[in-house]
Amino acid sequence: FKGGDTCEYLLSSGRFLGEKVWQPHSCMMHKYKNSEAKNCLVDKYIVFIGDSRIRQLFYSFIKLINPQVKEEGNKHGNIPFEDKSASIKVDFLWYPEVNGSMRQRIKSWTEGSVAKPHIIVVGAATWSIKIHNGSNEALTQYKINITSIAPLLEKLAKSSDVYWVLQDPVYEDMLSDSRKMITNEKIDAYNEAAVRILNSSSRNSKAKVKVFSVSKLIAQETIMKSADGLHLPESSRDTNAMILMNVYCNKIMKPIDGSCCQPEPPLTLIQKLAFCFFTLSIIGYLIINLIHRNNFRKNKSCTDLESGEEKKPAISTPNVSTLEMLLHSFCKLGLIMTYFYLCDRANLFMKENKFYTHSSFFIPIVYILVLGVFYTENTKETKVLNREQTDEWKGWMQLVILIYHISGASTFLPVYMHIRVLVAAYLFQTGYGHFSYFWIKGDFGVYRVCQVLFRLNFLVVVLCIVMDRPYQFYYFVPLVTVWFMIIYATLAIWPQIVQKKANGNCLWHFGLLLKLICLLTCVYFLSYSQGAFEKIFSFWPLSKCFELNGNVYEWWFRWKLDRYVVFHGMLFAFIYLALQKRQMISEGKGDPLFSNRVSNVLLFISIVSFLTYSIWASSCKNKTECNELHPSVSVVQILAFILIRNVPGYVRSVYSSFFAWFGKISLELFICQYHIWLAADTKGILVLIPGYPMFNVLVSTFIFVCVAHEISQITNDLAQIVVPKDNSTLLKRLLCIAGFFSGLLFFSAMQDQSRH
């Protein structure tokens, strides 16, 4: 860890990912849109001063503000640009040599006789080499001139951002005869002089002229594509302009995926309180542990002198063991949350942008699928969607989703559409699992609801506090939480219809179907009435949970994307359990689900349906149009997979313990990836070991999986303490939890007020 400012890395080092994507060393670069560029540069005056290469950079920069600009100005003259809507003024000043004229212009800004620019971009040298035929005298004069200009630039740097652009290398073989004297050796000499002289009088000062040397690295890779051997191709100069925009705007706009030049965010009041709580938990646990160790030594089994028998040490009381378990869990959680904070909030570890290639996605997919097959075991039971099978299903889906995220495969539409089906399948299991439980058990007690809500939300609530993120940011947990409450409400409201009651009278089945139709009608209405949906979730305190960036549109979009699949899961569970009760399916070990003929027909239809959906998803051209169809058609591939997996008896009787192990911690894996595997809130990749991408992924993945597994155990341990079975104790716990969230809302309101 070198420390220092990531701006220095952005301006001086990096590499290409593929042919056109530039990756700065240690940090992430945001791709600015026109609207973002205007918001950042509103009321700003920017000056580019130099030769034709600086003019190229000027045009690329103003195209970030207005893409319609054409390069039509006088090539050897000043070129003005103004965006009146945002009061942005950008000028190019033609000064191809570092001489007295350039000095006079810069001096006028220091004297206040003319408006001082907020950003100054300067650079020149190739004209000096060309006009003086590469003579040593010209280099000497260049050093003298830049020495006289340097103090003026350093003075301007106290109140403005000043960038000196080093000269890019040339492609000597392509240079015209009039430019043959411009060699890379000469350019290196001029660059060396500029770097040595600039900031020489202000080395210990914070106000420095920033040396823009990264363009040299970019040019080394791309100058061969130049039209004349001197000027950069358009893609390269656009990259330079985007780097310049990141250097200046990241600290103002604070984009999530632009970690370069962003200062470490200050700790909020809630984060400070969380830090104190975890610190006290660690201290408390250590104190109790020391007391127990001392008591153990004092009460160590000793021989009774009369009987010769050993006396056993006294067993600790349940209250002490519960307290110790609580503190132990919070102690571990505190250390884990420290790692989370260091990975994704402190500027300690490096972050890099994602870059998608087909091999980076499909090779790991093939690898884990082959690996999963090697861990095939017999299932304990052979029912449709038994526990081992659903864990396996969750596991392989979660691993595919993780690979999808780290490889940046969302840019490839066919992969995106298939991943959408996997997310829908999770929600399908939510509908199937919770409906089956309530239908069979008939348990609508508060204990069951609190257990499910605690297990789903505990980690996310802690992360919202520690990482200073809204609840809706972890969109999948709010999604499954709301759907669980909808399933509960649908089945719990009068009349409560469960399997035991329905077995006595078949009419109750129709009553349940009527409930499901009412649910489907409500879902359909809300999906096409954005206003009604937003009104429901805009009421305080619901708005605090479901707002993101000041509105609930993101929540509506996420909910709408898979709006029918939970209903499909509930309906499938109802039909399956009805068939099972009437013994219309065979679930014996090795037996097909139906008769051989029916099973073969179903299997054939399922395979055709599965492949048909994949062909349709692979032919998608427009993400918006495909997302519109997705809620209605995703169930086709889900049902096809279930039938392929369960109709043949030999397939239903085995499962992959490898995938099932990951399935048991799938929720923790999905949430933890945001901060300790990916970076910048999933927009980039965490770099623990720079320079070795494969080794870095192996190390960060190992830590990430271990942490997710540990958090799963902590959640299970705390669930037993926080949500007890005794109703009176549970009521007290719920009052404490209500008080905790009231305090959280109060401190959150204080934070919002201080920010505004």
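Ala, Val, Leu, Ile, Met, Phe, Trp, Tyr, Cys and Pro count here as nonpolar, Asp, Glu, Lys and Arg as charged, and the others, Gly among them, as polar. The model described below is predicted.

**The second largest pocket**

With those classes in hand, start with the pocket lining. It divides into 15 nonpolar, 16 polar and 10 charged residues. The second largest pocket holds about 1600 Å³ of space. Its lining has 41 residues, and the closest to the pocket centre are Arg-387, Asp-391, Lys-394, His-434 and Arg-448. Several helices give two or more residues to this lining, including α13 (387-407), α15 (446-466), α16 (476-492) and α28 (693-722). Helix α14 gives the most, with 10 residues.

**Salt bridges**

A search of the whole structure finds 18 salt bridges. Three of them are set out here.

| Pair | Closest N to O distance |
|---|---|
| Lys-63 and Glu-71 | 3.2 Å |
| Asp-562 and Arg-420 | 2.9 Å |
| Asp-681 and Arg-469 | 2.7 Å |

Take Asp-562 and Arg-420, whose side chains meet in a salt bridge. This pair links distant parts of the chain, 142 residues apart. Asp-562 sits in the loop between α21 (553-561) and α22, while Arg-420 belongs to helix α14. Both Asp-562 and Arg-420 are buried.

Asp-681 forms a salt bridge with Arg-469. This pair also links distant parts of the chain, 212 residues apart. Asp-681 lies in the loop between β12 (678-679) and β13 (684-687), and Arg-469 in the loop between α15 and α16. Are these two partners buried or exposed? Asp-681 counts as buried because its relative accessibility is 2%, and buried means under 20%. Arg-469 has 24% relative accessibility, so it counts as partly exposed.

The bridge from Lys-63 to Glu-71 is part of a wider set. Salt bridges that share partners join Lys-63, Glu-71, Glu-234 and Arg-237 into one network. Glu-71 is partly exposed, as its relative accessible area is 39%.

**A nonpolar patch on the surface**

Which residues form the nonpolar patch on the surface? They are Leu-269, Leu-273, Phe-746 and Met-750, with about 350 Å² of accessible area together. Two elements, α10 (269-298) and α29 (727-755), give two or more residues to the patch. Met-750 is found in helix α29. Its relative accessibility is 37%, so Met-750 counts as partly exposed.

Conventions:
Residues are numbered from 1 along each chain as its sequence is written. This is a predicted model: local features need pLDDT of at least 70, side-chain atom pairs count only at pLDDT 80 or more; totals for chains, interfaces and linings use all residues. Side-chain values use heavy atoms; hydrogens and water are left out. On a 1 Å grid over the protein atoms alone, a cavity is a set of points where a 1.4 Å probe fits but cannot get out, and a pocket is an open set with protein on both sides within 12 Å along at least five of seven lines; lining residues have an atom within 4 Å of a point. Grid points are joined across faces, edges and corners, and a volume is the space filled by probe spheres set on the points. Helices (H or I, at least four residues) and strands (E, at least two) are DSSP runs, numbered from the N terminus. Patches are made of residues with over 30% relative accessible area and no salt bridge: like charges are joined within 9 Å, nonpolar side chains (Val, Leu, Ile, Met, Phe, Trp, Tyr) within 5 Å. Accessible areas come from the Shrake-Rupley method with a 1.4 Å probe; for residues, only the protein chains shown count as cover. A salt bridge is a side-chain nitrogen of Lys or Arg within 4 Å of a carboxyl oxygen of Asp or Glu. Buried means under 20% relative accessible area, exposed over 50%, partly exposed in between (1.4 Å probe, protein chains only).
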